[in-house]
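Subject: Structure handover

Hello,

Here is the structure I promised to pass on. Please open it and keep it beside this email as you read.

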Amino acid sequence: MKLTRSKNTYSLLLRFGGMILLLSFLVRLTLLILSWPDAGMGFLSFFRVFGTGLLYDLGVAVFFCIPYALYLVVIPAKWNNSIVNRVVTFTFFFITTLILMFSFFAEFTFWGEFESRFNFIAVDYLIYTYEVVNNINESYPLPILISIMLAVTAVLTWYFARKGWFRASFEGETSWLKRVTVLACLVVIAAGFSLGVPNTMAEKGKNRYQDELAKAGIYSFFSAFKNNELSYDHFYRLIDNHTAFDVMRRQLGDSLTTFDGREYSIRRNINDTGSAIRPNVILVTIESLSAEFLNSFGSTAGLTPVLDSLAKENILFTNMYATGTRTVRGMEALTLAVPPTPGSSIVRRPGNENLSTVGAIFREQGYATGFFYGGDGFFDNMNKFFGSNGYNITDKGRNMLVDDDIAVSRNTIPDSLINFRNAWGICDEDLYNSVIRDADARHQAGKPFFDFVMTTSNHRPFTYPEGKIDIPSGQGREGAVKYTDYAIGQFLNKAKTKPWFKNTVIIFVADHCASSAGKNEINIAKYHIPAIICNLPGAGALSIDKMCSQIDLFPTLFCFMNWDYSSNLYGQNVLCPSYHERIMLGTYQKLAYMEKDNLVILGPQQTVETYRYNKTSNEQIPVPADSSIVTKAIANYQTAYYLFKHGGLKL
């Protein structure tokens with residue numbers, strides 16, 4: 001069957017597929033140029049990247065060609081040269097090409113933010129279009145870019161028409177049977193890609209940048225959409241459940257701990273021997289604050305004088321690591337104190353209500369619990385998660401008509417109290433003012449409180465009120481970090497004038513780092529975050545240097561406050577003599593566990609990789625597996641997944 005004659009029904013479709021391949025090649029080449037210092041490309045890796053990339057690009061081209069191939073089967077042959085077919089074909093070509101232009105442009109913006117092809121984050125962003133579209137609009141000259149994309153699409157359409165490929169298609173005489181055959185072939189090829197060419201096939205190299213460059217953005221997007229949650233039981237290395245829970249109870253047990261005796265459980269009672277104190281607690285979770293921004297961790301930029309001063313005078317965790325690379329992962333770690341199970345965060349999953357959260361422990365101690373967010377808490381399911389777990393909500397909702405289906409109260413910060421906002425929400429100063437107003441009311445009512453506060457200012461488009469700091473708004477991350485620090489200073493200055501301040505612990509911790517990209521898929525250094533416990537009654541300056549996780553923050557705080565409580569948390573008191581240093585961190589598919597410098601990475605298809613981690617050079621050196629550490633890695637993730645899926649994390 002010949003499809004390449006000058007006058008052929010498929011003349012246009014073939015060239016359209018070729019255009020996709022050419023544009024995809026140019027995108028990959030441009031991204032390679034932008035990432036050249038980190039990609040470490042050699043002769044063989046160049047061919048691997050572009051060879052694998054061509055395969056994915058072929059898959060994208062086939063998927064995009066199927067709708068028009070189906071149309072060519074449906075349309076009667078006598079209509080080939082009709083006005084109707086001409087209008088439909090030109091419209092289809094223009095719109096589809098415009099979609100490609102938008103996707104290729106989005107690849108550059110996404111790469112600039114995450115140094116990755118599309119992944120679960122892109123899928124999530126598609127759901128929350130308001131924040132994302134406004135973020136892009138405030139970060140880039142969107143009208144100009146749209147005009148450019150429209151112009152490029154128009155030029156391509158004109159070029160195809162000028163070359164006569166539209167006319168050749170209209171005048172083609174390919175029989176209906178051959179059209180059906182072509183469609184069937186395309187569908188079979190597409191099925192082959194869908195079933196036999198996973199996106200993970202590109203992840204076989206030793207350099208993460210090369211792996212990402214080998215992928216195709218659109219192919220990666222639909223792969224992420226299809227695999228939004230991974231079953232640990234189906235895809236990861238398993239051990240016997242009895243063994244797994246035994247390992248966890250040994251890891252979590254100490255002289256103050258009594259387990260409930262159930263076989264598949266980590267629930268236990270913590271019995272402290274000291275005299276308990278019950279101060280108010282405000283947890284400030286700071287957007288994208290990498291440890292490397294603070295002078296306390298070696299920076300010389302001077303962006304965080306307030307936080308650096310607090311670090312010297314209070315309790316500083318110098319060796320704490322985030323569990324993930326997204327805000328909802330940080331929220332999961334700080335509220336549930338669990339390892340990051342594969343797929344989406346528990347914050348975004350069904351069945352996440354009435355869990356044994358840190359907030360539930362505070363409520364057992366007589367506290368009111370609240371969640372404060374500078375944006376719309378509908379984003380990323382935040383309001384539904386916190387509301388379904390007993391936190392009252394205060395956010396800057398765009399629209400109160402959105403039903404979050406929560407039983408607690410939801411208060412919207414009024415416009416009259418907002419001085420600045422951008423795509424992601426109000427500025428940190430306005431958010432902190434709301435926290436102070438609520439604290440005033442709680443204090444007046446004689447109710448101790450625990451607040452979970454989530455900031456937004458340190459996020460692209462990096463805009464904030466003018467005149468606050470010496471870096472103009474919208475100039476980049478450094479300005480956003482400096483404004484974030486400035487706002488913390490203003491918050492503390494106002495809080496110190498309040499009667500509740502002397503009995504209020506304020507914690508500053510990052511949700512995740514500003515970037516997770518590196519040559520390794522899990523780049524340990526890009527999970528290092530600051531955490532500072534301020535104003536703890538009776539405590540002075542203290543530097544906690546033990547390697548620990550976000551999930552350990554509250555168990556350590558509860559120890560400082562000498563609390564007796566029931567725990568279903570995977571976090572541990574870092575100050576306990578029996579505490580064994582370990583961290584857990586992950587992406588959507590890879591799960592890491594590290595003790596000292598022994599790193600285990602669990603992946604789908606039951607893969608287990610073991611490395612020796614050199615912190616100084618941030619290198620991961622392959623080593624033979626230590627079976628005891630691999631077992632502990634599996635036990636942490638397997639039991640966490642089991643408990644969530646079987647209701648074991650419920651109250």
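Below is what I found, topic by topic.

First, a caution. This is a predicted model. Keep that in mind throughout.

**Cysteines**

How many disulfides are there? The count comes to 0 disulfides. A disulfide is a covalent bond between the sulfur atoms of two cysteines. To be counted here, the two sulfur atoms must lie within 2.5 Å. Take Cys65. The closest cysteine sulfur to its own is in Cys185, 13 Å away, so the two are too far apart for a bond. Cys65 is also buried, at 8% relative accessibility. Now take Cys576. Its sulfur has its closest cysteine sulfur in Cys559, at 7.6 Å, and that is too far for a bond as well. Cys576 is buried too, with a relative accessible area of 11%.

**A nonpolar patch on the surface**

Go to Phe43 next. Phe43 sits in helix H3, which covers residues 43-74. Is Phe43 buried or exposed? Its relative accessibility is 65%, so Phe43 counts as exposed. Together with Leu44, Phe46 and Phe47, Phe43 makes a nonpolar surface patch of about 490 Å².

**Strand S5 and its partners**

Strand S5 spans residues 368-373, and 6 of its 6 residues are buried. In a regular strand the side chains alternate between the two faces of the sheet. Look at each face of S5 in turn. One side has Ala368, Gly370 and Phe372, all buried. The other side has Thr369, Phe371 and Tyr373, and these are buried as well. Both faces are therefore covered.

Which strands pair with S5? One is S10, residues 449-454, which is parallel to S5 and shares 6 bridges with it. Here Phe371 stands opposite Phe452 of S10. Another is S6, residues 392-395, which is parallel to S5 and joined to it by 4 bridges. In that pairing, Gly370 has Asn392 of S6 as its bridge partner. S5 and S6 also belong to a right-handed β-α-β unit, with helix H17 (residues 382-387) as its helix.

**Arg410**

Find Arg410 in strand S7, residues 410-412. Arg410 is buried, with a relative accessible area of 15%. Its C-alpha atom is 9.4 Å from that of Tyr391, and the two residues are 19 apart along the chain.

**A hairpin**

Strand S16 covers residues 583-586, and both of its faces are covered. Ile583 and Leu585 are buried on one side, Met584 and Gly586 on the other. S16 runs antiparallel to strand S17 (residues 591-595), and 4 bridges join them. Gly586 stands opposite Leu591 in S17. A hairpin through 4 residues links S16 to S17.

**Backbone details in loops**

Three spots deserve a look.

- Arg460 and Pro461 are joined by a cis peptide bond, with omega about 20°. Pro461 is in the loop between S10 and helix H19 (477-495).
- Asn354 is not a glycine, yet its phi is positive, near 55°. Asn354 lies in the loop between helix H15 (327-336) and helix H16 (358-364). Its relative accessible area is 46%, so Asn354 is partly exposed.
- Asn618 also has a positive phi, about 55°, without being a glycine. Its loop runs between strand S19 (607-614) and strand S20 (619-622). Asn618 is partly exposed, at 21% relative accessible area.

Best wishes

Key. Residues numbered from 1 in each chain as written. Predicted model: local features only at pLDDT ≥ 70, side-chain atom pairs only at ≥ 80, totals over all residues. Heavy atoms only, no water. Buried < 20%, exposed > 50% of the residue type's maximum accessible area, 1.4 Å probe, protein only. Patch = residues over 30% accessible without salt bridge, like charges linked within 9 Å, V, L, I, M, F, W, Y side chains within 5 Å. Areas by Shrake-Rupley, 256 points an atom, 1.4 Å probe, with all protein chains shown as cover. Salt bridge = Lys/Arg side-chain N within 4 Å of Asp/Glu carboxyl O. Helix = DSSP H or I, 4+ residues; strand = E, 2+ residues; numbered from the N terminus. Pairing = 2+ DSSP bridges. Right-handed = clockwise from strand over helix to strand, strands pointing away.
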